[in-house]
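Biologist: Hi! Could you walk me through this one?
Modeller: Happy to, let me put it up first.
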Amino acid sequence: MPHPLSGIRVVEIGDRIAAAYCGKLLRDAGADVIVVEPEGGSPLRRSGHFFDYLAGGKRSVVATAGQAQRVAAAADIVVLAASPAEARRRGIDCRALHTTTPGAVVVTVSNFGWTGPWAEYPATEFTLQAWCGSTGSRGEPDRPPIAAGGDLGEFIAGGYAAFFGLAGLFGAAGAQVDLSVLEAMSASMQTFGWLRTDVAGLTSFSRSTEVPSIERCKDGYVGMSMATDTQWQSFCAMVGCPELAADLTLGLQLNRWRNRDRVRAAIGPWLTAHTVEEIVEQAERFRVPMAAIGNGATLPLMDHFVARGTFLDNPAGFRQPRPPWLMSAAQPKPLAPAPQPGDLTDPWPPRKPVPAATDPVPMSQALQGLRVVDLTAFWAGPAASQLFAMLGADVIKVESCRHPDGMRYSGTLRTGVADWWEYSWVAHAVNTNKRSLTLDLQTARGRELVGALIADADLVIENFPARVMENLGLDYDTLRAINENLIVVRMPAFGLDGPWRNRGGFAMTMEQIAGLAWITGYPDDVPTAPRGPCDGLAAVHAAFAALCAVEFRRRTGSGQLVEVPMIETVLNATARQVIEFDVSATVLTRNGNRGHDAALQNLYACEGDDAWIAVSVRDDSDRAALAALLGQREIDDAGLADWFADKPLAPTVQALLDAGVPAAPVVSPTEIGDNPQLQTRRFLETLQHPRVGPVRYPRPPIAPAAGGFVTRPAPTLGEHNREVLCGLLGVSAEEFAQLERDAVIGTSPVR
């Protein structure tokens, strides 16, 4: 089969994982990707076989600064990992690049973006996690906060870079997409702490872990994830704890955390009497998301991945996950070796000149004209469709009053209001710019109406367990019969086939299985789920795959089925664990806040109550700068802990940044709105919600565009019923009233 992005030229410049992963996503989808390297090769080559994973199938040009500009001038998409000053040092002038190739999209990937007071500040994955509130949300109160293991933020940012780079070719060609890794992580690596204040009324937030989450059992660890009260009640029945089920306050995760000792004591005897296999088998019957804890040694051997052929043999001699999408009419490029430095001596010929648009379309309207029927729920699915909505597509979110989006129930803390389901902070965060339509799809008329909506749509996106769409009579063949050019994007947790196809799963389930939990946590304690970042990771991968299918249809006229299993997106971000085990028999494991690559990295307590500074020493230059600041010839972890102990947090962070050393305060998720860099770049846009009032909504993690990315607040349930049914589908006023009387539509949940 053909590849969805065949013929697209991509130039990748820079040495950070986010840019390399962006290039990998585009290459695997069919683009021709050239890596521009300096003499001696990219510093990423020092990561060994991990570079082979990121660079497989790409081509390499060794170029001086001026030559890099000329190579980039022949591309459709340029991915540049650099701050403004770093770009100048590389000899890359984005303005000149647009002059020579006005149709190209230039995606710059930098720590904080190209504008704002922090544009040139140093940072690492570790310090960016502290800045974005991720680290501050995680851990036990009597121990230091804990960062998520691995380079998850880099993979999330790389996914965004690929999506926006491709989106620019649709209507905003010639754009510079200024992507901030901090903003990408703020939107994906913690649960929208500022919205807990705006929407839920929660003014403080201390670190915690889920209860229960990862617990000891008879033969190891078992992971669990309960996002709804129904799942909690089912779990209590499964482990034989009716006294916990009877306490209705425990249906809320926050209250389980407050009663964590009691809950753990009650469930512990049942768990330690059963094996992982027994527990997971029981949980599937009770429809409670539970999983074995995976790592680099065990992942390729899991029966589901074996049955689906998820892991492939890289030519360099290790196993890696395949690209995290499957299409019915197109396929990824096969695996290929990574290039040797400078293996390409004759890059592409120059592009034919393209006249600059006299009235260029801003990125906020790049996907205008597309219609998306959104059948998603919770976080990952709605966030995928939201990316289309924020680029101008008409996204219609379909819910049922009998079964609204479950996040409306599980993400709210409001009491004393009649419409409490409108106060879920996560539902607010991932549903801006959409229209809301309620339809009971278990009724014949509800299915007829959603079919009429789909008949004139471009995409359908859903993230139910695999069985649900079939049970509703909305399988792909049925939808294709309604609209043969339709693109159907399905995001089941584990895929459409295989032994686990009917299992449910949330982000934490994926983190537990795919190895993220294994490398996160205190070294002397149980693994710790990062708690949610994989929703954002899955969302951007699904949006990218959907856009690849739109591009393929634009060139071929063919719609198709696109499958993006959530678990396989996460496996691509944890591939290094499998690679390390295959190559060196090393099982990477949790190392607290010390990481695996940095010369010196940790959290240190500063003066005051629970005040922590995150510090990364990347190389000898950082070490020398830090030693000079401390007035010491040599520095080590113990010496740093002593030095920071009586230092005020904010001035000390600033002193390290001024010295060129990556540092950050460990902030609470509720404090993100106070960040001066995010304020300058208007990352949060305040809109008036009809129920909640003023709410600060996040925009995409790229610099603001004309027209604005966030134009409408998250819709209330059924807010646009009349607008869609009568205005779009031609339903009469009489039938509309009858639909309301029959509860096919409505504006409040029906129990």
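Modeller: We'll go from the overall fold to a few individual residues.

Biologist: Great. What kind of model is it?
Modeller: This is a predicted model.

Biologist: OK. How many helices and strands are there in the protein?
Modeller: The protein has 31 helices and 23 strands.

Biologist: And what is its radius of gyration, against that of a compact globule?
Modeller: The protein comes out at 25 Å, and a compact globule of 751 residues would be near 27 Å, so the two agree. If you want box dimensions, the C-alpha atoms fill roughly 75 × 65 × 50 Å along the principal axes.

Biologist: What share of the residues is buried?
Modeller: Buried residues account for 63% of the 751.

Biologist: And the contacts, how many join residues at least 24 apart?
Modeller: Counting contacts between residues at least 6 apart in sequence, 77% join residues at least 24 apart.

Biologist: Let's talk surface. How much does the protein expose?
Modeller: About 26500 Å², with carbon and sulfur atoms supplying 51% of that area.

Biologist: And how many positive and negative side chains are there?
Modeller: There are 66 positive and 82 negative side chains, and the centres of the two sets lie 3 Å apart.

Biologist: Now something local. How do β10 and β11 run?
Modeller: They run antiparallel: 4 bridges join β10, residues 311-314, to β11, residues 318-321. The two strands form a hairpin with 3 residues between them. In the turn, G317 has a positive phi of about 100 degrees.

Biologist: Which residue of β11 is the bridge partner of L312?
Modeller: That would be Q320.

Biologist: I'm looking at P321 now. Is it buried or exposed?
Modeller: P321, which lies in strand β11, has a relative accessible area of 1%, so this proline is buried.

Biologist: What is P321 in contact with, beyond its neighbours within four places in sequence?
Modeller: Its contacts are Y53, T310, F311, L571, N572 and A575. Take Y53: P321 and Y53 are 268 residues apart in sequence, and their C-alpha atoms are 9.6 Å apart in space.

Biologist: Nice. Switching to the loop between α9 and β7: where is the cis peptide bond?
Modeller: The cis bond joins V211 and P212, with omega about -15 degrees. P212 sits in that loop between α9 and β7.

Biologist: And T209, which loop is that one in?
Modeller: T209 is also in the loop between α9 (193-198) and β7 (214-217).

Biologist: Why does T209 count as buried?
Modeller: Its relative accessibility is 13%, and the cut-off for buried is under 20%. Setting aside neighbours within four places in sequence, T209 is in contact with G139, E140, Q253, W257, R264, T528 and R531.

Biologist: Last topic: what about positive phi values in residues other than glycine?
Modeller: R682 is one of them, with phi near 55 degrees. N433 is not a glycine either, and has a positive phi of about 70 degrees.

Biologist: Where do N433 and R682 sit?
Modeller: N433 lies in the loop between α18 (425-429) and β15 (435-438). R682 is in the loop between α29 (676-680) and β22 (684-689).

Biologist: And how accessible are they?
Modeller: N433 is at 6% relative accessibility and so counts as buried, whereas R682 is partly exposed, with a relative accessible area of 45%.

Biologist: Thanks, that was a handy tour!

Technical notes
Residues numbered from 1 in each chain as written. Predicted model: local features only at pLDDT ≥ 70, side-chain atom pairs only at ≥ 80, totals over all residues. Heavy atoms only, no water. Rg over C-alpha atoms; globule rule 2.2 N^0.38 Å. Buried < 20%, exposed > 50% of the residue type's maximum accessible area, 1.4 Å probe, protein only. Contact = heavy atoms within 4.5 Å. Areas by Shrake-Rupley, 256 points an atom, 1.4 Å probe, with all protein chains shown as cover. Lys, Arg positive; Asp, Glu negative; His and termini not counted. Charge placed at Lys NZ, Arg CZ, Asp CG, Glu CD. Pairing = 2+ DSSP bridges.
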